[in-house]
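Visitor: I would like to go through this model with you and ask, term by term, what the labels rest on.
Guide: Please do, and I will set each label against its definition.

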Amino acid sequence: MKVAILAVVFIAASSSLFSQENKTFEINSLIEATESYKSEYLHPSFKNGKVIFMEGDPVEAKLNFNRLSNQLFFLSPKGDTLVLAHPETTSKVVIGADTFCFYQNTFLQKITHYKDAPHLFFKQIIQFVGSEKKGAYGTYSAVTSNNSNSTYTNDNQITAYMSVDENQIYKERTEFYLSDNSNHFLSAKKSGFYSMFPQYEDQLKTFFKTNKINFDKTGDLLQVILYIHHLNAGSSASQ
């Protein structure tokens, strides 16, 4: 019963952040103040943060995360916007209340903040769909081919070109990952849970049979995470 109550509280607290795991949004090249443009970055402005390296002292800076290019940017002392080089040398990056770890050439954002594993992370994959050209009466046409005028680079695969006053359309989906206390990552699927916690495989199989878990939904994955923490607590108490 306590696990169920904790799950409800945790899921309710997280719903505002992860209620839309798959969506479509647009960015207009001329209207930088719109919410659409802000979708490119995790935060509307740079925030105080810290880069913690595997070796050496941590560095504090004004940081932000670009969701299209999957890169971390910082402000130099002169106010220039620069990309964080060699992210593979970092242990983690903290921007305000958000924590990132670098894994397989991409940044994963942390969802749970328990003392011990398992930890839940997610990655947003943003793919370019096409562009809408502005037509009569200020409306935009259906998705069309692009003309090169200004550019945005997205999802490290393609560079999309924007002509003047076009909407650029993106689709976003989310992938989830588990990690242990040493930041070893596995996909947050059944196989990932079994591999990371072989001692609980039988209990997890029973749990998955009695609970309809959607492994593409944050709330459902949090139920599994909480259940494993419950198993860990019981195991520690019996020792």
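Visitor: Where does P118 lie, and how do you know what counts as a strand there?
Guide: P118 lies in the loop between β8 (106-110) and β9 (119-134), where strands (E, at least two residues) and helices (H or I, at least four) are DSSP runs, numbered from the N terminus. This is a predicted model, in which local features need pLDDT of at least 70 and side-chain atom pairs count only at pLDDT 80 or more, while totals for chains, interfaces and linings use all residues. Residues are numbered from 1 along each chain as its sequence is written, and side-chain values use heavy atoms, with hydrogens and water left out.

Visitor: What makes the peptide bond from A117 to P118 stand out, cis or trans?
Guide: The bond from A117 to P118 is cis, with omega near 5°.

Visitor: Why is T90 called buried or exposed?
Guide: Buried means under 20% relative accessible area, exposed over 50%, and partly exposed in between, with a 1.4 Å probe and protein chains only. T90, whose place is in strand β6 (residues 90-95), has a relative accessible area of 3% and is therefore buried.

Visitor: How do you know that the side chain of T90 has a polar partner?
Guide: A polar contact is a pair of N or O atoms within 3.5 Å; within protein, one must be able to donate a hydrogen and the other to accept it, and residues adjacent in sequence count only if both atoms are side-chain atoms. A polar atom of the T90 side chain lies 2.6 Å from the backbone oxygen of P87.

Visitor: Which residues is T90 in contact with, leaving aside its neighbours within four places in sequence?
Guide: Contact means heavy atoms within 4.5 Å, and with those neighbours left aside T90 is in contact with V51, I52, F53, M54, L84 and F102.

Visitor: Why is F53 given the label it has?
Guide: F53, found in strand β2 (residues 47-53), has 23% relative accessibility and so counts as partly exposed. Leaving aside neighbours within four places in sequence, F53 is in contact with V59, T89, T90 and S91.

Visitor: What makes H86 and Q104 worth a remark?
Guide: H86 has a positive phi of about 50° although it is not a glycine, and Q104 likewise has a positive phi of about 50° without being a glycine. H86 is found in the loop between β5 (81-83) and β6, and its relative accessible area of 53% is why H86 is called exposed. Q104 lies in the loop between β7 (98-103) and β8, and at 61% relative accessibility Q104 therefore counts as exposed.

Visitor: What makes a set of residues a nonpolar core?
Guide: A nonpolar core is a set of buried Ala, Val, Leu, Ile, Met, Phe, Trp, Tyr and Cys residues joined through side-chain atoms within 4.5 Å. The largest one here has 23 residues, and those with the most contacts inside it are L120, F193, L204, F208 and V224. The largest share of this core, seven residues, comes from α5.

Visitor: How do you know that the buried residues L204, F207 and F208 are on the same side of α4?
Guide: In α4, L204, F207 and F208 are buried. They cover an arc of only 95° around the axis, so they are on the same side of α4, the arc being that of the directions from the helix axis to the C-beta atoms. The face of α4 turned away from its buried side carries the exposed residues D202, K209 and T210.
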